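Hello,

Here is the structure I promised to pass on to you. Please open it beside this email and follow along as you read.

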Amino acid sequence: MTKFTVNDRPVQYRMDPDTPLLWALRDASNLTGTKYGCGTGDCGACTVDIDGEAVRSCQISIGKTEGRFVTTIEALSPDRGHPLQQAFAAENVSQCGYCIPGMIMAASVLLRRTSDPSDEEIDAAITNICRCGIYPRLRGAIQRAGRIMRGEEQVAAVPPPGITPEDAARTVPALRRP
């Protein structure tokens with residue numbers, strides 16, 4: 001039995017210790033925000049935070065995760081209040097959205113190290129692949145999230161944390177259904 005902490009909760013997996021963390025998260029814990037992309041660690045869609053490091057969850061087994069702390073996109077901020085979630089929405093970063101959870105998790109690790117990253121630091125830390133080509137907006141969103149974290153900026157165009165999807169559609173016209 002493999003034991004570690006996921007999103008501040010102790011877990012025990014009765015799975016082969018060689019099982020990739022990605023599949024334990026998605027299949028056993030129903031944390032489907034961590035996406036399967038390539039299975040080779042190249043795309044970064046499965047990026048999670050393990051003990052403060054951005055890790056491709058398809059490349060680490062649950063056995064190697066024993067005793068560690070794992071954070072997935074679901075625990076970053078369930079009320080959409082994390083500066084990265086706010087900035088990604090305000091900068092209209094997402095297109096198809098598939099890569100976004102992994103990008104946000106990698107960016108959250110970067111912003112904990114420095115809330116004012118340079119373009120070079122962003123490029124070095126965010127090696128995730130996006131087939132939609134969101135990279136120019138990605139840099140801007142990460143830098144904006146840093147400003148929000150430093151208290152230099154607030155995002156007014158994004159629904160506040162705790163708002164329901166229905167209220168968000170009334171607050172932000174772009175979220176309204178036709």
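**Ser 115 and its surroundings**

Let's begin with one residue: Ser 115 sits in the loop that links helix 4 (100–113) to helix 5 (119–125). Please keep in mind that this is a predicted model. Is Ser 115 buried, partly exposed or exposed? Its relative accessible area is 24%, and since buried means under 20% and exposed over 50%, Ser 115 counts as partly exposed.

Leaving aside residues up to four places away in sequence, Ser 115 touches Gly 146, Arg 147 and Arg 150. Try finding Met 149 as well: it is 34 residues from Ser 115 along the chain, yet their C-alpha atoms are separated by 6.8 Å.

**Helix 3 against helix 6**

Met 149 also belongs to helix 6, where it is one of the residues that meet helix 3. Helix 3 (residues 83–90) and helix 6 (residues 135–149) pack with their axes 8 Å apart, at an angle of about 135°. The two helices are therefore oblique to each other, and helix 3 passes helix 6 in a right-handed crossing. On the helix 3 side, the residues in the contact are Pro 83, Leu 84, Ala 87, Phe 88 and Ala 90. Their counterparts in helix 6 include Leu 138, Ile 142 and Arg 144. Sorted by class, this contact has 11 nonpolar residues, one charged residue and no polar ones.

**The sheet**

Now turn to the strands. Strands of a sheet pair through backbone hydrogen bonds, either parallel or antiparallel. Here, five strands form an open sheet in the order 2-1-5-3-4, with mixed pairing. Strand 2 (9–13) and strand 4 stand at the edges with a single partner strand each, so one side of each has no neighbour in the sheet. From one strand to the next, the twist averages 40°.

At one edge, strand 1 (residues 2–6) runs antiparallel to strand 2 and is joined to it by five bridges; Val 6, for example, has Arg 9 as its bridge partner.

Strand 3 (residues 47–50) is covered on both faces: Thr 47 and Asp 49 are buried on one side, Val 48 and Ile 50 on the other. It pairs antiparallel with strand 4 (residues 53–56) over four bridges and with strand 5 (residues 69–71), also antiparallel, over two bridges. Which residues are the bridge partners of Asp 49? They are Ala 54 in strand 4 and Thr 71 in strand 5. In the hairpin of strand 3 and strand 4, with two residues between the strands, Asp 51 takes a positive phi near 50°.

Finally, helix 4 lies across strand 3, strand 4 and strand 5, at about 35° to strand 3.

Enjoy exploring!

Methods
Residues are numbered from 1 along each chain as its sequence is written. This is a predicted model: local features need pLDDT of at least 70, side-chain atom pairs count only at pLDDT 80 or more; totals for chains, interfaces and linings use all residues. Side-chain values use heavy atoms; hydrogens and water are left out. Buried means under 20% relative accessible area, exposed over 50%, partly exposed in between (1.4 Å probe, protein chains only). Contact means heavy atoms within 4.5 Å. Axes are lines fitted to C-alpha atoms, for helices over the stretch in contact, and angles run from 0 to 180 degrees between N-to-C directions. Angles under 35 degrees count as roughly parallel, over 145 as roughly antiparallel, 65 to 115 as roughly perpendicular and the rest as oblique. A crossing is left-handed if the near helix is turned anticlockwise from the far one by less than a right angle, and right-handed if clockwise. Ala, Val, Leu, Ile, Met, Phe, Trp, Tyr, Cys and Pro count as nonpolar, Asp, Glu, Lys and Arg as charged, and the others, Gly among them, as polar. Two strands pair if DSSP finds at least two bridges between them.
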